[in-house]
Amino acid sequence: MNPPNPAVARATVTVSAGAGYNFAYLDEGTKRMIRRAILKAIAIPGYQVPFAAREMPMPYGWGTGGVQVTAAILGAADVLKVIDQGADDTTNAVSIRRFFTATAGIATTTRTAEATVIQTRHRIPEAPLAEGQVLVYQVPIPEPLRFLEPRETETRQLHALAEYGLMHVKLYEDIARHGHIATTYAYPVEVAGRYVMDPSPTPKFDNPKMDDCPALQLFGAGREKRIYAIPPYTRVRSLDFEDHPFRVQRFDRPCALCGAEDVYLDEVVLDDAGGRMFVCSDTDHCETRLAEPRLAETRLGETRLADGHTGEAA
Amino acid sequence: MEPLLSVAGLTKRYGGRLACDGIGFTLDPGEVLAVVGESGSGKSTLLSLIAGEVAADAGSVAYRMRDGATRDLDTLSLVERRALMRTDWGFVRQDATQGLRMAVSAGGNVGERLMGVGDRHYGRIRATALDWLARVEIAADRIDDPPTRFSGGMRQRLQIARNLVTAPRLVLMDEPTSGLDVSVQARLLDMIRGLVAELGLAVIIVTHDLAVARLLSHRVLVMRAGRVIETGLTDQVLDDPQAAYTQLLVSSVLAA
């Protein structure tokens, strides 16, 4: 093996996992470049900072942007959680977790509260995030105006001049066509009263969680080579009309497993005879609730109560 | 009365070719000026120069803003200039696909400028859009159709509604009637004439069709090879042309 470049070696974190990888896969020069982009993104909330995204050992669309951001911010003491559509156990989440275990040797978890860095695709955890945590989003298309204005030069100018009338044209079209704002994911938000931003394809149910969030939120788009950020405790407002205010979707039933209300539910098909159930999309939230003794007792209490009134109920 | 728009010494070269050579004129509020001339005479370039879409090599364009102050457009910041373009000015293009958002419904097309200046009330935007569609004779039940399903004449009328919704004081029109059949042209011209009179719009209309100039304009500017050859009241220029080229232009019109 060649001797390491002295400039790089100086910056190299002493912890390195096996298999000859630099800590967290990326070389130190690349990490520094990404960190600079992240710092700039934090300084200008919601602004898309270009960065020289690298080829990653996974296809575009699998979270190459998020992985690069995570790799750049990980330290040896970090605890990583990766979620895909709310779940910790889907292919994408498992592979990314394994990737960082192999290349950085760091601890991983499925518990939201225990994680210091959470990489996510399509969801924000139900459990409230805390100061010191970082939420890293995987972003396919960072430009909220992309399908309204095809010219990238023009969209940049619109951002620069804060001309966001066009974004409302999209919402207008929604109402004209469906009678209400039918955009349910990647719902545009205004960050810190300035830049309009695509929150990545999270359901709009999660938009209110971005507002005034104590955790740092970072967004990485690998194919499009853009990084943007929401610093902690930043005002994030979902765009709307005065007479059609922003609303999140509501579910008419609680989670079938843990009974949680006011959470985002996934529909799970049970058989080929129309059987289905609605359960928490956030698997960790569901499991945590099921393990809570308090909840178990309450449910027991409810059962008893129901037993006591069997005659009436039946 | 102080003019609304003053153009002086406007010059544009494309390489060695002169597109516009030292063009100057003034336009009063509510006045309609027709720029006529054959293809390639620099008419459209002149319009682009005034609108600031093409940078001039020399010359200036001054505009009297709503607050009464006359400003050189070159001294406006990009933000002010764009704000001016989407509120106080309108630009009706020859090709409607360039002036409209073809994937957005008619209502959205008309409402875009309103949303651009900060209107955030859907009901009000839609009511204004409906009102304007009625004024340009587009049926209310077409409000949710995209312009791709509109005929050529309807597209031009929609473009006019889209531009006039913010009550501009100056509208630039680049051959708004070309490519339409004659009866549609007549209706469109009639409508433009009505709106111009009703709203007191100042208009610069570029056309190669002298009949359009005769019908709409108060004054005419005749251009050839990037220069103004003759200018004057419309009737005067068309009935008693002085320059040889204008005489040729007027005599080339076929009588029906």
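The following exercises, with worked solutions, concern a predicted model of one protein chain.

**Exercise 1.** Determine which strands form the edges of the open seven-stranded sheet of chain A.

*Solution.* Begin with the strand order, which reads β1-β9-β8-β5-β4-β2-β3 in chain A, with mixed pairing. Next, look for strands that pair on one side only: these are β1 (49-50) and β3 (107-108) of chain A.

**Exercise 2.** Describe how strands β4 and β5 of chain A are joined.

*Solution.* Locate β4 at residues 117-121 and β5 at residues 134-138 of chain A. The two strands run parallel, and four bridges join them. Within this pair, Ile118(A) of the model stands opposite Leu135(A) in β5(A).

**Exercise 3.** Identify the strands touched by helices α2 and α3 of chain A, and state the angles reported.

*Solution.* Take helix α2 (residues 28-43) of chain A: this helix packs on the sheet and touches β1, β8 (216-221) and β9 (226-230) of chain A. Its direction makes about 45° with that of β9(A). Then take helix α3 (residues 64-73) of chain A, which also packs on the sheet and touches β4, β5, β8 and β9. The direction of α3 makes about 155° with that of β5(A).

**Exercise 4.** Decide which stretches of chain A call for caution.

*Solution.* Start from the mean pLDDT of chain A, which is 88, with 87% of residues reaching 70 or more. Over residues 4-16 of chain A, however, the pLDDT is below 50, although this stretch has 14 contacts beyond near neighbours in sequence. Over residues 300-314 of chain A the pLDDT is also below 50, with one such contact. Where pLDDT is low, predicted coordinates should not be read in detail.

Note on methods
Residues numbered from 1 in each chain as written. Chains lettered and ligands numbered in written order. Predicted model: local features only at pLDDT ≥ 70, side-chain atom pairs only at ≥ 80, totals over all residues. Pairing = 2+ DSSP bridges. Contact = placed C-beta atoms within 7 Å. Axes fitted to C-alpha atoms, helices over the stretch in contact; angles between N-to-C directions. pLDDT = per-residue confidence, 0-100.
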